[in-house]
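Dear colleague,

Please find below the structure that I am handing over to you. My findings follow it, arranged by topic.

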Amino acid sequence: MDKYGLIGYPLGHSFSLDFFNEKFENEGINAQYENFEISSIENLPEIIDTHQDLCGLNVTSPYKEQVMSYLDAISPEARSIGAVNVVKVIHKGNKTILRGFNTDAIGFRKSIEPILERFHKKALILGTGGAAKAVAYGLKALGIDTQYVSRTDRKGCIRYEQITPETIEEYNVIVNCTPCGMYPHTEEYPKLPYEAMDNHTLLYDLIYNPDETLFLKKGKEQGTIIKNGLEMLLLQAFASWELWNEKE
């Protein structure tokens, strides 16, 4: 039986686990998907060594960047982004080859593109991790300028307290790539001047649980366009499956 899985920490309830095992059952695929909750990326070689039937991995926070040093090959797109969320495991005799890809960028781009308007030219990206890098790559492909926002002083970033109503008017696409507001911490939300938002503002949250975070709710109250990350997650999962099953 082929095995696939997800590495990250902490994992808790996993969309991928349910999605792929349901897919395998419905389509009669002799495979299993498993969560590998590892407290350090240094545990990855052990997972590879002890699961000889492993064919592919999804990678989630906080390992999308750290995993890259463990791979034998990385796709040009993933290298440009600086993050990997899909690993293809290839067994050739006694040798195991790990290839890294990024499907977050294409999943995000396909998900946000239909709701973009001509006046959406600049975006604030909340967060600086692997997912944020994929979002920046996807937005750039759509011709949208980006600005990272961080809680701390970082090169190339602005801080939340620097965001004014004028900033919101200029950067009218805002993408949350942080866990702020994710279940069970549903009372949390990014501190932004929501009163400056209107129907020209687009709020996109990579979080899908809950369906509507407080970030999205507060924007919705101002008439903004809102969308959560469920479709992006589905699209990147479809792309993962295609990559794992491509003929070598």
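Strands, as the word is used here, are DSSP runs of at least two residues, numbered from the N terminus, and two strands pair if DSSP finds at least two bridges between them. With that in hand, Lys-3 has Leu-54 in strand 3 as its bridge partner. Please note that the model is a predicted one.

The sheet

The pair just named belongs to the contact of strand 1 with strand 3 (residues 54-59), two parallel strands joined by five bridges. Both are part of an open sheet of six strands, whose order is 2-1-3-5-6-4 and whose pairing is mixed. Strand 2 (31-37) and strand 4 (73-74) each have a single partner strand, so they form the edges, and one side of each has no neighbour in the sheet.

For strand 4, two bridges in the parallel sense lead to strand 6 (residues 95-101). There, Ala-73 stands opposite Arg-99 of strand 6. Arg-99 also has Lys-88 opposite. Strand 5 (residues 86-92) runs antiparallel to strand 6, and seven bridges join them. These two strands make a hairpin with two residues between them, and Gly-93 in its turn has a positive phi of about 65°. As general background, most residues other than glycine have a negative phi.

Two cis peptide bonds

Most peptide bonds are trans. In this model, the bond from Tyr-9 to Pro-10 is cis, with omega near -10°. Pro-10 is found in the loop that runs between strand 1 (2-8) and helix 1 (15-27). Tyr-183 and Pro-184 are likewise joined by a cis peptide bond, for which omega is about 10°. Pro-184 is placed in the loop between strand 10 (173-176) and strand 11 (202-205).

The two domains and their interface

The chain divides into domain 1 (2-101) and domain 2 (105-232). Eight residues from domain 1 and 10 residues from domain 2 take part in the contact. The C-alpha centres of the two domains are 27 Å apart.

How much area do domain 1 and domain 2 bury between them? The value is about 720 Å², with 63% of it on carbon and sulfur atoms. On the side of domain 1, Phe-15, Glu-65 and Ile-81 supply 59% of the area buried against domain 2, more than any other three residues.

One salt bridge is counted between domain 1 and domain 2. The side chains of Lys-133 and Glu-65 meet in a salt bridge, at 2.7 Å from N to O. Across the same interface of domain 1 and domain 2, one residue pair is in polar contact. Helix 3 (residues 76-81) gives the largest share of the side of domain 1 that touches domain 2, namely three residues. By type, that side of domain 1 comprises three nonpolar, two polar and three charged residues.

Salt bridges in the whole structure

The structure holds nine salt bridges. In the case of Lys-133 and Glu-65, the former lies in helix 5 (residues 130-141) and the latter in the loop between strand 3 and strand 4, so the pair ties together parts that are 68 residues apart in sequence.

For a start with the model, I suggest viewing Glu-65, which is among the residues named above for the area that domain 1 buries against domain 2 and which also forms the salt bridge with Lys-133.

With kind regards

Terms used: Residues numbered from 1 in each chain as written. Predicted model: local features only at pLDDT ≥ 70, side-chain atom pairs only at ≥ 80, totals over all residues. Heavy atoms only, no water. Helix = DSSP H or I, 4+ residues; strand = E, 2+ residues; numbered from the N terminus. Domains from an automatic or database assignment. Contact = heavy atoms within 4.5 Å. Buried area = accessible area lost by both parts, 1.4 Å probe. Salt bridge = Lys/Arg side-chain N within 4 Å of Asp/Glu carboxyl O. Polar contact = N/O pair within 3.5 Å; in protein donor to acceptor, adjacent residues only side chain to side chain. Nonpolar A, V, L, I, M, F, W, Y, C, P; charged D, E, K, R; others polar.
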